[in-house]
There are 4 protein chains.
Amino acid sequence: MVSTQSRRGDTRQRIQDVALELFGERGYEKTSLREIAEHLQVTKAALYYHFKTKEDILISLFQDLGRPLDELIAWAEEQPRTLEMKKELVRRYSKALSGAAPLFRFMQENQATVRELTVGESFKERMLKLTDLLRLPEGEAGLTDQMRAFTALFALHAGMFALNHVEGDLEDKRQAALEVALDLLTQAHAGHPVNGTH
Amino acid sequence: MVSTQSRRGDTRQRIQDVALELFGERGYEKTSLREIAEHLQVTKAALYYHFKTKEDILISLFQDLGRPLDELIAWAEEQPRTLEMKKELVRRYSKALSGAAPLFRFMQENQATVRELTVGESFKERMLKLTDLLRLPEGEAGLTDQMRAFTALFALHAGMFALNHVEGDLEDKRQAALEVALDLLTQAHAGHPVNGTH
Amino acid sequence: MVSTQSRRGDTRQRIQDVALELFGERGYEKTSLREIAEHLQVTKAALYYHFKTKEDILISLFQDLGRPLDELIAWAEEQPRTLEMKKELVRRYSKALSGAAPLFRFMQENQATVRELTVGESFKERMLKLTDLLRLPEGEAGLTDQMRAFTALFALHAGMFALNHVEGDLEDKRQAALEVALDLLTQAHAGHPVNGTH
Amino acid sequence: MVSTQSRRGDTRQRIQDVALELFGERGYEKTSLREIAEHLQVTKAALYYHFKTKEDILISLFQDLGRPLDELIAWAEEQPRTLEMKKELVRRYSKALSGAAPLFRFMQENQATVRELTVGESFKERMLKLTDLLRLPEGEAGLTDQMRAFTALFALHAGMFALNHVEGDLEDKRQAALEVALDLLTQAHAGHPVNGTH
DNA sequence: AATGAATGAGAATTCATTCAT
DNA sequence: TATGAATGAATTCTCATTCAT
């Protein structure tokens with residue numbers, strides 16, 4: 001059952017859709033409420049019926065689209081910190097990423113802006129939790145292996161957002177990035193068996 | 001003591017310094033010329049004596065601080081596309097990154113904004129050239145290995161900018177990221193011997 | 001008594017009125033939007049609710065007040081090019097001139113400015129059409145008679161705008177100028193019977 | 001012998017030349033000192049060595065180029081107010097006009113601007129004197145004949161500036177306009193013998 | 001559920017002008 | 001006879017936001 005929120009007519013939805021699209025294209029600061037309103041063929045004032053402020057639109061996007069990620073974190077926090085769990089976490093994160101690609105893309109491309117907004121805090125917190133979940137037990141691993149674990153996360157981002165210009169189907173790239181990420185995790189956990197073998 | 005006297009002649013430089021600092025902290029859009037001017041204790045109009053537009057300040061930063069990177073790319077383009085060259089490229093890139101950290105950080109955190117600016121084009125081009133230099137020969141390698149090669153680049157970025165909240169000396173983290181990147185390159189070139197393990 | 005109430009709905013009109021007045025008095029460039037806004041006791045931003053740019057205000061004036069002139073031209077273009085039609089054209093033009101005196105005066109006194117604006121093109125076109133309608137058939141008349149026909153137009157302008165400092169009622173001067181203009185037309189068409197006298 | 005003024009190197013001259021050109025093209029307000037300086041390949045500050053203010057440049061142009069006109073007026077004021085003198089006045093004025101065409105053109109196209117400047121007063125005074133010299137004796141002539149006399153002046157202006165778009169050599173047009181002007185004068189003095197004859 | 005009309009704050013930019021050198 | 005560096009005051013314009021209807 002869909003939330004009460006999203007049922008109230010569909011204007012709210014449409015505002016969110018257009019806002020996400022424009023925020024993604026031109027950035028949060030550069031996207032004015034006038035532009036959003038014009039795309040929707042309503043007046044600016046109409047936006048204020050549905051959202052208290054401009055930032056509020058962003059917050060709502062973040063809450064709605066980010067929920068799967070919160071659930072993922074919640075799930076992971078209850079699991080044992082095994083390699084297998086981390087792999088599963090990374091698999092699920094990759095899927096979440098592709099589900100809410102525009103939002104994640106926006107977050108990545110507007111870090112400086114977002115940092116100053118309320119929403120920035122929560123985003124940072126999520127990322128912190130996520131990296132914390134991947135972290136290796138203190139003392140057992142060197143900085144390089146820690147870095148490998150973290151890099152797994154960035155490999156996924158690279159696969160989703162940074163390789164637009166590269167040939168290939170998005171889903172294929174996602175799979176490839178996931179594979180790389182899983183490898184990195186495995187290597188991190190193994191100590192670094194690959195080093196030196198070549 | 002900073003007398004008026006001693007400042008003469010270096011205003012342009014000081015504008016660049018302050019601008020980079022503020023652009024980095026609050027983002028390009030959110031940083032007004034008024035703020036920059038106030039930090040420098042000059043009037044806004046003084047900024048316009050030294051730079052034609054706000055964007056011009058950014059362009060100048062990009063040109064001045066990005067030169068080492070251009071030189072690196074120029075160098076690499078004349079080398080054979082061997083694994084050893086790529087490793088060297090990555091090593092040098094890592095060093096360049098730490099040399100112009102504030103600019104690179106700014107670029108990463110303001111992608112959406114920068115994309116709309118003239119400077120965005122050049123930045124994109126650089127990145128394209130860089131990824132192209134790391135690319136494996138067509139047909140000889142699968143998408144996953146291509147991804148591994150690209151991820152090497154992102155591993156460096158992750159090491160420099162994304163792990164601020166993580167414990168540890170910046171230089172140590174840079175070294176760790178470099179190690180991960182070099183590994184990724186090696187694996188990409190070897191075919192994927194590790195894949196078989198899972 | 002001008003209550004806030006009674007003003008609602010006519011702001012656009014009032015902006016046009018004040019703008020025309022000030023543009024006429026001080027010139028287009030020297031008239032700032034601040035001044036217009038202050039005269040109206042609204043904020044500058046209010047002007048931008050009603051007009052997209054400063055130039056837009058001028059364009060709107062030109063379109064609204066210049067319409068009679070366009071209609072006059074349209075009418076004349078469908079008439080045969082007889083002396084009688086030209087006389088009627090000049091009579092009607094004289095009337096149109098006195099109906100939109102402030103605008104025409106502004107156009108005459110701000111030619112250099114107006115030339116660089118969009119509105120300048122349309123103005124020039126109108127004048128071109130007008131002079132073309134008065135032009136004598138090629139070959140049949142010398143340059144002097146052509147000049148006589150054109151000067152008829154300028155006689156009207158002189159009567160309306162250039163003789164402010166001269167004694168006499170404006171309407172009387174208009175009539176006198178009209179008479180001169182009609183004479184010039186007649187002479188132009190007659191060949192130049194007066195020329196022989198010197 | 002050239003005045004001391006114009007001997008002092010030639011930069012002053014060059015400033016005047018460029019200023020007149022640009023003032024004429026883009027208008028006084030729209031022409032910035034920066035533009036003038038750039039055209040001359042000097043700095044703005046250099047302009048201030050030669051002229052106290054922007055307006056001062058205009059004043060100097062007006063004085064230098066307007067001198068012939070002042071002399072013309074001085075001459076005419078000592079002559080008897082006969083038709084023949086007026087004809088001569090108009091002939092000489094026509095010549096003066098073509099000698100200082102750019103300045104007169106500027107004055108005509110920037111009336112609104114010039115009106116607010118000191119220079120505007122003198123210009124208006126000159127025009128007043130000129131029209132006064134052409135005026136018919138009170139009582140002896142109707143408003144229409146007065147208008148005819150004044151229009152003679154405007155006919156000259158029309159010939160010089162308003163017919164750019166019309167075919168024909170400028171000098172030919174000037175002659176034609178002069179002829180029209182002389183006719184108008186003659187008619188004004190004759191009473192209006194042409195009226196009614198057709 | 002939305003609009004029309006407006007505002008206050010602030011942005012980037014331009015300009016004529018100044019002055020020590 | 002100029003320049004380099006700066007300023008103060010203004011300008012056009014944009015934006016998020018408000019509120020009576």
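## How the chains pair up

Let's start where chains B and A meet: 46 residues of chain B are in contact with 44 residues of chain A. Keep in mind that this is a predicted model. Put together, chain B and chain A bury about 4,200 Å² between them, and 62% of that is on carbon and sulfur atoms.

How are the two copies related? Turn chain B by 180 degrees, with 0.0 Å of shift along the axis, and it superposes on chain A with an RMSD of 0.1 Å. That's the relation of a two-fold axis. If you want to find the axis from chain B, look for Asn110(B): its C-alpha is the nearest one in that chain, 2.7 Å from the axis. The contact surface fits this picture, since 93% of the interface residues of chain B are also interface residues in chain A, so the copies meet through the same surface.

Now for what holds a place in that contact. Between chain B and chain A there are 6 salt bridges. Among them is the one where the side chains of Arg26(A) and Glu116(B) meet, at 2.6 Å from N to O. The count of residue pairs in polar contact across this interface, with both residues at pLDDT 80 or more, is 15. As for which elements of chain B face chain A, at least two residues each come from helix H2 (11-26), helix H7 (101-109), helix H8 (111-115), helix H9 (118-134), helix H10 (143-162) and helix H11 (170-189). H10(B) gives the most, with 11 residues. Sort that side of chain B by class and you get 18 nonpolar, 14 polar and 14 charged residues.

Step back to a single chain for a moment. Chain A has 11 helices and 0 strands, so to speak an α-α-α-α-α-α-α-α-α-α-α pattern when read along the sequence. Its C-alpha trace spans about 65 × 40 × 35 Å along the principal axes. One stretch of chain A carries a label from a record: an unreviewed UniProt entry annotates residues 32-51 as "DNA-binding region". Over those residues the chain is 75% helix and 0% strand, with the end C-alpha atoms 14 Å apart.

Next, over to chains C and D. Here the contact takes 44 residues from chain D and 46 residues from chain C. Chain D and chain C bury about 4,200 Å² between them, 62% of it on carbon and sulfur atoms. Across this interface there are 6 salt bridges, including one between the side chains of Arg148(C) and Asp183(D), 2.7 Å from N to O. Polar contact, with both residues at pLDDT 80 or more, joins 15 residue pairs of chain D and chain C. On chain D, the helices that each supply at least two residues to the side touching chain C include helix H2 (11-26), helix H9 (118-134) and helix H11 (170-189). The top contributor is H10(D), which gives 11 residues. By class, that side of chain D has 16 nonpolar, 13 polar and 15 charged residues.

What about contacts from one pair to the other? No contact joins chain B and chain C, and their closest C-alpha atoms lie 21 Å apart. Chain A and chain D aren't joined by any contact either, with closest C-alpha atoms 31 Å apart.

Notes
Residues are numbered from 1 along each chain as its sequence is written. Chains are lettered from A and ligands numbered from 1 in the order in which they are written. This is a predicted model: local features need pLDDT of at least 70, side-chain atom pairs count only at pLDDT 80 or more; totals for chains, interfaces and linings use all residues. Side-chain values use heavy atoms; hydrogens and water are left out. Copies are superposed by least squares on the C-alpha atoms of residues with pLDDT of at least 70 in both. Contact means heavy atoms within 4.5 Å. UniProt positions are given in the numbering used here, feature names are shortened, and annotations may be inferred rather than shown by experiment. Helices (H or I, at least four residues) and strands (E, at least two) are DSSP runs, numbered from the N terminus. Buried area is the accessible area (1.4 Å probe) that two parts lose on being put together, summed over both. A salt bridge is a side-chain nitrogen of Lys or Arg within 4 Å of a carboxyl oxygen of Asp or Glu. A polar contact is a pair of N or O atoms within 3.5 Å; within protein, one must be able to donate a hydrogen and the other to accept it, and residues adjacent in sequence count only if both atoms are side-chain atoms. Ala, Val, Leu, Ile, Met, Phe, Trp, Tyr, Cys and Pro count as nonpolar, Asp, Glu, Lys and Arg as charged, and the others, Gly among them, as polar.
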